[in-house]
Amino acid sequence: MEEIRNEPCSDREDRISRLEDALIHYILSFIDPKYAVQTSVLSKRWIDIWKSLTFLSFYRSSFSQDKKDSFVMFVDMVFIFRRKDIDVQRFRLDWSDSAYDDSVTVHVNRWCLNAIGYNVQEVLSQAPDLLNCQPPRLCSLESLMLEIWSTRNSLRSVAYLLKISPSITDLFLQSMETNLAYIGADWEAGLSSPEMLSYLWFVEIYDVEACDAKFKLPAFLLKNAKVLEQVDVIFSRSSFGSRASKGQVELFIKKLRAVPTASSSINWQFMRT
């Protein structure tokens, strides 16, 4: 494959099609998905490229004022046909230059939930008074089980999901392999709200490693869950592999107990796998 890519190109040859998918995705991230989808007619090479775009930016102004239904159908189509194994890094919606009504709120909320299903890392909305006044809600969700990676984007996605799920009472988290990428102290910026986690009373975190990255989400829960009663932390086997790692576990527990909590009475249980 590399030998083919390095061969000289003739003047009439399609050089863009010879680029790696990742680079083509980057180029297409700067244009409206309406035009990105249209590239599928160029050749077989381009038929499915748009289905794996990670940056989705939809502009209502790209459709005429009387084509509201066409715009809605187009956004729906993109979500229906895009690849299910490719996460969305950024979802952006701009409806600021067109009229909107209650039905628009329904569509926007539905699209945001679709993006969450693709582990969206960033949501940007320029639809006045929609997401700010009536954000999407998973009001019937009471029990949640998640596998989480300790990266900034993963933690923000989980926190946002908890923010829009006000009725959660039980939370079960499977801590996946450690990622040493920088998370930052401000990872939770804009994700806390007075009404969130008002019913959460039980949290179980399984396979925890005693490191700073794994500390972030439990601390967030402790600071926001007002009626939290039970917290079970189950450490991974690797956390007890040496005397030094055992010391890290003790320090981790000490730091966790020192976090200011929204709940006045929490029963702790620390175990090992």
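In this predicted model, the charged end of R82 lies over the ring of Y118, 4.5 Å from the ring centre. A like arrangement places the charged end of K255 over the ring of F215, again with 4.5 Å to the centre.

Y118 also belongs to one aromatic cluster, together with F58, F63, F71, F74, F79, F91 and W111. The structure holds 16 aromatic pairs. Two of them are set out below.

| Pair | Geometry | Centre to centre | Angle between planes |
|---|---|---|---|
| F58 and F74 | edge-to-face | 6.1 Å | 75° |
| F71 and W111 | edge-to-face | 6.0 Å | 90° |

The pair of F58 and F74 links distant parts of the chain: F58 is in strand β1 (residues 55-59) and F74 in helix α4 (residues 68-81), 16 residues apart. F58 is buried, with a relative accessible area of 0%. F74 is buried too, at 12%.

In the other pair, F71 lies in helix α4 and W111 in helix α5 (residues 102-117), so parts that are 40 residues apart in sequence are tied together. Both F71 and W111 are buried.

Confidence varies along the chain. The mean pLDDT is 79, and 82% of the residues reach 70 or more. Among the elements, strand β7 (residues 230-235) has the highest mean pLDDT, 94, and helix α1 (residues 2-6) the lowest, 43. Residues 1-6 stay under 50 in pLDDT, and the model gives them 6 contacts beyond four places in sequence. Residues 128-134 are also below 50, and this stretch has 17 contacts beyond near neighbours in sequence. Where pLDDT is low, predicted coordinates should not be read in detail.

Terms used: Residues numbered from 1 in each chain as written. Predicted model: local features only at pLDDT ≥ 70, side-chain atom pairs only at ≥ 80, totals over all residues. Heavy atoms only, no water. pLDDT = per-residue confidence, 0-100. Helix = DSSP H or I, 4+ residues; strand = E, 2+ residues; numbered from the N terminus. Contact = heavy atoms within 4.5 Å. Phe/Tyr/Trp six-rings, centres within 6.5 Å; stacked < 30°, edge-to-face > 60°. Buried < 20%, exposed > 50% of the residue type's maximum accessible area, 1.4 Å probe, protein only. Lys NZ or Arg CZ within 6 Å of the ring centre and 35° of its normal.
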